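Good morning, colleagues. Please turn to the sequence and the structure on the screen.

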Amino acid sequence: MADPARLLSDGRWMGAALALAGRGRGRTAPNPNVGCVIVRDGIVIGRGWTQPGGRPHAEAMALTEAGEKSRGATAYVTLEPCAHESPRGPACSNLLVAAGVARVVIALGDPDPRTDGAGAARLRAAGIEVTEGVRAGEARRSMAGFLTRLEKRRPQVTLKLATSLDGRIALPSGESQWITGPEARAHTHLERSRHEAILVGRRTMEIDQPRLDVRLPGLEDRAPRQLVLSSTGDLRRPEDIAGLEGIDHLFVEGGAETASAFLRADLVDRLLLYRAPILIGEGRAAIGDIGLTRLGDAHGRWRLMESRMLGSDRMEVYERA
């Protein structure tokens, strides 16, 4: 029977590794954004997260910081340490073996066929105790872009909508600045910084001329690549996102037509909704026809993952059920 105290400790330290993994989201493609914490005698002696462009890996960073103190320590890593050699760096499973760690706690197995169980097997063969599956669900959400790319051959798509209580995004005249307040708009900028690319429709780009950058102190350099969906733009159809290279997280932000097109194509993995406590009445709807023919088909498709207030606005995050 598992030791409750050890389970609690493992969950706590894995939480720290997951927090570090979030620092790399939107900057590590085509590699996953991984976090690693090395602990000895209840003290963190090394920490790391995947760096921009995918190297160094989280384990390499953490082991470098820990140095000789790694011997006999426990490493907490959000994804199974890689088992394949690369011109860009050694396999992390080999680094952990060479460092002499006594135990490795893994949140999620790596589905990349070059590793897929081989990393954990290599650690066990070296006499290292391996524990798997600690906070696996959270790790899957943390690395959703990487996993979506492997499983569906396309980026993870987040659709952002900022609406009134009655689902409007603008007055009949087209005026839309601002429906939500400054707190919600700041949160949108944070979300932008966590995506490699941001996409709007041609009409939104021409009429609203959005800047689509990140205007948060310290994060200005994390503005995503800008894409336009149109017959002459970067993408002509939502399905074209499969051809985007170096993009594992796509933020779809502008235009009811664009939002509808992605929903109609069943390419939205995550809904980010901001709802302001206002009523507009007649105005522009957030989305149009999404191809729904039976009301029953609308149920059971989305699962609420997060809900909180941002100033006077409510933010809700839904994921595909």
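I shall go through the annotated domain, then some backbone features, and finally one aspartate.

Please bear in mind throughout that this is a predicted model.

I begin with the annotation. An unreviewed UniProt entry places a feature named "domain: CMP/dCMP-type deaminase" at residues 8-130. In the model, this span is 32% helix and 22% strand. The C-alpha atoms at its two ends, those of residues 8 and 130, lie 16 Å apart.

Let me turn to the peptide bonds. The bond from alanine 29 to proline 30 is cis, and its omega is near 10°. Proline 30 belongs to the loop that runs between α1 (4-21) and β1 (35-40). A cis bond also links arginine 55 to proline 56, here with omega at about -10°. That proline, number 56, sits in the loop between β2 (43-49) and α2 (58-66).

Next, the phi angles. Aspartate 116 is not a glycine, yet it has a positive phi of about 30°. Its position is in the loop between β4 (103-108) and α4 (118-125). Is aspartate 116 buried or exposed? Its relative accessibility is 53%, and the threshold for exposed is over 50%, so aspartate 116 counts as exposed.

Leucine 212 is likewise not a glycine and has a positive phi, of about 55°. We find leucine 212 in the loop between α8 (202-208) and β9 (225-229). Its relative accessible area is 2%. Buried means under 20%, and leucine 212 is therefore classed as buried.

I come now to aspartate 269, which is located in the loop between α9 (256-264) and β11 (270-275). Because its relative accessible area is 11%, aspartate 269 is buried by the under 20% criterion.

Which side chain makes a polar contact of 2.8 Å with that of aspartate 269? The partner is arginine 154.

The surroundings of aspartate 269 also deserve a look. Leaving aside residues up to four places away in sequence, aspartate 269 touches Thr148, Lys152, Arg154, Pro155, Gln156 and Val157, among others. Its contacts further include Trp302, Tyr318, Glu319 and Arg320.

To close, I would ask you to keep two aspartates in mind: aspartate 116, exposed at 53% relative accessibility, and aspartate 269, buried with a relative accessible area of 11%. Thank you for your attention.

Notes: Residues are numbered from 1 along each chain as its sequence is written. This is a predicted model: local features need pLDDT of at least 70, side-chain atom pairs count only at pLDDT 80 or more; totals for chains, interfaces and linings use all residues. Side-chain values use heavy atoms; hydrogens and water are left out. Helices (H or I, at least four residues) and strands (E, at least two) are DSSP runs, numbered from the N terminus. Buried means under 20% relative accessible area, exposed over 50%, partly exposed in between (1.4 Å probe, protein chains only). A polar contact is a pair of N or O atoms within 3.5 Å; within protein, one must be able to donate a hydrogen and the other to accept it, and residues adjacent in sequence count only if both atoms are side-chain atoms. Contact means heavy atoms within 4.5 Å. UniProt positions are given in the numbering used here, feature names are shortened, and annotations may be inferred rather than shown by experiment.
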